[in-house]
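Good morning, and thank you for making time on the agenda. I would like to take the group through one protein chain, beginning with a pairing between two strands and working outward from there.

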Amino acid sequence: MHRKTLAVFAMAAATLGLAATLLPATTALAAPAEAQCETVHQLRIYDVPIENGDAFHDRFRDHAVRIMARHGFNIRAMWESRSEGKLEFVYLLEWPDAETLKARWAAFMADEEWSEIKRQTAARHGTFVNDIEDRTLCLTDYSPKL
């Protein structure tokens, strides 16, 4: 994992008082393979083209958050990180279990309204996300409960 990604995760963890075990994601929406979580947290880090930062935030704030809520997403926090001419958007989700994570992501990605919004905004602004890092997290047994 990149040093910068670890720094962003440490910032997120410190902000939420989160002590978590970082598990490798084997697919874009991987469930924790090495342990069963009482509650699953998901850390998402988007590498956003800096020239599309404002448009990205407009789309996420005005559309993605609303549509995610409709599909039962529980967004715990969102951050922006800027360094070395790079913009990262970081957010933390909470899920009751891995099966719910998979099912709700599938429903969100299949959402017709979201597909149309992505198509329209990409036509106007081009690329919104260069890369996505996705991590599933299990609280350690000594972590404060969130």
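Let us begin with tyrosine 46, whose bridge partner in strand 5 is isoleucine 132. Please bear in mind that this is a predicted model. The two strands concerned are strand 2 and strand 5, the latter spanning residues 131–139, and they pair in the antiparallel sense over eight bridges.

Strand 2 has another partner as well. Nine bridges join strand 2, residues 40–48, to strand 4, and these two strands also run antiparallel. Within that pairing, glutamine 42 stands opposite leucine 93 of strand 4.

How many residues of strand 2 are buried? The count is nine of nine, so the strand is largely enclosed by the rest of the structure. As a general point, the side chains of a regular strand alternate between the two faces of the sheet. In strand 2, both faces are covered. On one side we find Val40, Gln42, Arg44, Tyr46 and Val48, and on the other His41, Leu43, Ile45 and Asp47, all of them buried. I would draw your attention to the charged side chains in that list, including Arg44 and Asp47, which are buried together with the others.

Just ahead of this strand is threonine 39, in the loop between strand 1, residues 20–23, and strand 2. Threonine 39 counts as partly exposed because its relative accessible area is 22%, and the cut-off for a buried residue is under 20%. Setting aside neighbours within four places in sequence, threonine 39 is in contact with Glu94, Trp95, Pro96 and Leu137. Its C-alpha atom is separated by 5.7 Å from that of aspartate 97, a residue 58 positions away along the chain.

I turn now to strand 4, which comprises residues 86–95. This strand is mostly covered, with nine of its ten residues buried. Besides strand 2, strand 4 pairs with strand 3, residues 75–83, in the antiparallel sense over eight bridges. One example is arginine 82, whose bridge partner in strand 4 is leucine 87. Strands 3 and 4 form a hairpin with two residues between them, and in the turn glutamate 84 has a positive phi of about 50°.

Next, the aromatic residues. The structure holds 14 aromatic pairs, and I shall describe two. Tyrosine 46, our starting point, forms an edge-to-face pair with phenylalanine 56, at 6.0 Å centre to centre and 80° between the planes. This pair links distant parts of the chain, since tyrosine 46 belongs to strand 2 and phenylalanine 56 to helix 2, residues 53–70, with ten residues separating them. Both tyrosine 46 and phenylalanine 56 are buried.

The second pair is phenylalanine 60 with tyrosine 91, again edge-to-face, at 5.1 Å centre to centre and 65° between the planes. What does this pair tie together? Phenylalanine 60 lies in helix 2 and tyrosine 91 in strand 4, so the contact ties together parts that are 31 residues apart in sequence. Both of these residues are buried too. The four rings I have named join Phe89 in one aromatic cluster. Elsewhere, arginine 59 lies over the face of phenylalanine 128, at 4.0 Å from the ring centre.

Let me now step back to the chain as a whole. The chain has four helices and five strands, and along the sequence they follow the pattern α-β-β-α-β-β-α-α-β. Of its 146 residues, 43% are buried. Among contacts with a separation of 6 or more, 75% are between residues 24 or more positions apart. The accessible surface comes to about 7800 Å², and carbon and sulfur atoms account for 52% of it.

Finally, a word on confidence. The average pLDDT of the chain is 83, and 76% of the residues score at least 70. Over residues 1–28, however, the pLDDT is below 50, although this stretch has 52 contacts in the model beyond near neighbours in sequence. Residues 30–34 also have a pLDDT below 50, with 14 such contacts.

That concludes the presentation, and I welcome your questions.

Key
Residues are numbered from 1 along each chain as its sequence is written. Side-chain values use heavy atoms; hydrogens and water are left out. Buried means under 20% relative accessible area, exposed over 50%, partly exposed in between (1.4 Å probe, protein chains only). Two strands pair if DSSP finds at least two bridges between them. pLDDT is the predictor's confidence in each residue, from 0 to 100. Contact means heavy atoms within 4.5 Å. Rings of Phe, Tyr and Trp (its six-membered ring) pair if their centres lie within 6.5 Å; planes under 30 degrees apart count as stacked, over 60 as edge-to-face and the rest as tilted. A charge sits over a ring if NZ of Lys or CZ of Arg is within 6 Å of the ring centre and within 35 degrees of the ring normal. Accessible areas come from the Shrake-Rupley method with a 1.4 Å probe; for residues, only the protein chains shown count as cover.
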